[in-house]
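Dear colleague,

Please find the structure below, handed over for your review. My notes on what was found in it follow directly after.

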Amino acid sequence: MTADDAEFRAEVRAWLTEQLTGEFADVAGLGGEGREDEALDRRREWERRLGAGGWIGLGWPVEHGGRGASLAQQVIFHEEYARANGPGRLLHMSEQLVGPTILAFGSAEQKRRFLPGITAGETLWCQGYSEPGAGSDLAGVRTRAVREGDEYVLTGQKVWTSLAHVADWCFVLARTDPASARHTGLSYLLVPLDQPGIEVRPIKQITGTSEFNEVFFDGARTPVANRVGAEGDGWRVAMGTLGFERGVATLGQQIGFRRELDHVVALARRNGAFDEPELRDRLVRAWIGLRVLRYTAVSTLRSAGSSVSGLEASLSKLQWATWRRDLGELAVDVLGEDALTVGESYGLSPEQTLFLFSRADTIYGGSNEVQRNIVAERLLGLPRG
């Protein structure tokens, strides 16, 4: 570690400690996958505090509100954030997905207009990709955007849209050429959610929470100036977003994984499960697996930069989704017979929530089966089935 990196770590640690043991002590450890309903208002205030402190968009260029931080410093920030038990990030998609996409593919005007709201912790974005008939097979998108003058008029439905019920904007993959099929004729549009013609319906999940939503577009509008990239070039831009999603963003994701594993280990020590050889072996394997995830992510980023290729993204998705599903199963096994009952008003334990929510990990964002097909074709050179 260089002297600059050591100084940076000290600065991050001091700031987070001051905030999370002081004014924001009440949000420490709250939120994250399967628990996004926790303290929403206070976590939005936390995002604004992060923005005011200059901790959003660390790796972005200084001229666009970032710090121009090195990859090592971004890793340091995520490590310290986990150590300080920081809350789950509400602006994950804003900072890690659409922000880098606008930086890479957006116009100068789009950068000037949209990036400051993200670095300030003000603007919450959601991702309009999945549809009832186009989840793992994203090229099957059917939502249409018809150009009328200087605007696009959108009609269609998105589903499994995380945090759409509290988001301000949605980045939408829509078909702008009605005669096109599959990967062609798609465009990447930035759409304000607070307007007529958009209805957001939260989906009640088996976990009892509703962080996923259906989003219906019925004559919603967005200016042509809000299209990122050329008309019909949306697939390339969308794949760029997925590359960013599996880039530095994975380090932030692993904060939550570490917290969940620590919880399961602590539970095993309290209730004696740690003394059972089979469970202790699985706990050790989970710890090793998480270290492998981290080293793989850092190694990949060092060679690929802030985003990764589609093949690397598939390998990463397979790794972490399988690891977390297995952790969910381990959590309820450690909990024992208490995992078979629920509390009053369907009150789930953290272990039950982890088990149920992690079943979705191997499906959303491209199912394990789709990822294996990509690896088989692009890495191993196997023929299409």
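T161 sits in the loop that links β3 (151–158) to β4 (169–175). This model is a predicted one. T161 has a relative accessibility of 1% and therefore counts as buried, since the term applies to residues under 20% relative accessible area. Leaving aside neighbours within four places in sequence, the residues in contact with T161 are C126, Q127, E211, F212, N213 and V215.

Two further loop residues are also buried. D361 lies in the loop between α10 and α11 (368–378), and its relative accessibility is 0%, so D361 counts as buried. When residues up to four places away in sequence are not counted, D361 touches E33, K317, W320, A321 and R324. With respect to A69, D361 is 292 residues away in sequence, and the C-alpha to C-alpha distance between the two is 30 Å.

G106 belongs to the loop between α4 and α5 (108–119). Its relative accessible area is 14%, and G106 is therefore buried. Residues up to four places away in sequence again not being counted, G106 touches T101, K111 and V228. Between G106 and D275, which are 169 residues apart along the chain, the C-alpha atoms are separated by 55 Å.

Which residues have a positive phi although they are not glycines? N85 is one of them, with a phi of about 60 degrees. N85 is placed in the loop between α3 and α4 (92–105). With a relative accessible area of 31%, N85 is partly exposed, because that term covers values between the 20% limit for buried and the 50% limit for exposed. Y346 likewise has a positive phi of about 60 degrees and is not a glycine. The loop that holds Y346 runs between α9 (310–335) and α10 (350–358). Y346 is partly exposed, its relative accessible area being 39%.

I turn next to the second largest pocket. Its volume is about 410 Å³. The elements that give two or more residues to the lining of this pocket are α3 (71–83), α7 (249–271) and α8 (277–304). Of these, which gives the most to the lining? It is α7, with 7 residues. In total, 19 residues line the second largest pocket, and those nearest its centre are E79, A82, Q254, I255 and R258. By character, the lining residues divide into 9 charged, 7 nonpolar and 3 polar.

Finally, some values for the protein as a whole. Its secondary structure comes to 11 helices and 8 strands. Along the principal axes, the C-alpha trace spans about 70 × 50 × 50 Å. How does the radius of gyration of the protein stand beside that of a compact globule? For 385 residues, a compact globule would have a radius of gyration near 21 Å, and the protein has 21 Å, so the two agree.

Of the 385 residues of the protein, 50% count as buried. The area that the protein exposes is about 17500 Å², and carbon and sulfur atoms supply 52% of that area. As for contacts between residues at least 6 apart in sequence, 74% join residues that are at least 24 apart.

To recapitulate the residues discussed above:

- T161, between β3 and β4, is buried at 1% relative accessibility.
- D361, between α10 and α11, is buried at 0% relative accessibility.
- G106, between α4 and α5, is buried with a relative accessible area of 14%.
- N85, between α3 and α4, is partly exposed at 31%.
- Y346, between α9 and α10, is partly exposed at 39%.

With kind regards

Definitions and conventions. Residues are numbered from 1 along each chain as its sequence is written. This is a predicted model: local features need pLDDT of at least 70, side-chain atom pairs count only at pLDDT 80 or more; totals for chains, interfaces and linings use all residues. Side-chain values use heavy atoms; hydrogens and water are left out. On a 1 Å grid over the protein atoms alone, a cavity is a set of points where a 1.4 Å probe fits but cannot get out, and a pocket is an open set with protein on both sides within 12 Å along at least five of seven lines; lining residues have an atom within 4 Å of a point. Grid points are joined across faces, edges and corners, and a volume is the space filled by probe spheres set on the points. Helices (H or I, at least four residues) and strands (E, at least two) are DSSP runs, numbered from the N terminus. Ala, Val, Leu, Ile, Met, Phe, Trp, Tyr, Cys and Pro count as nonpolar, Asp, Glu, Lys and Arg as charged, and the others, Gly among them, as polar. The radius of gyration is taken over C-alpha atoms; the globule rule is 2.2 Å times the number of residues to the power 0.38. Buried means under 20% relative accessible area, exposed over 50%, partly exposed in between (1.4 Å probe, protein chains only). Contact means heavy atoms within 4.5 Å. Accessible areas come from the Shrake-Rupley method with a 1.4 Å probe; for residues, only the protein chains shown count as cover.
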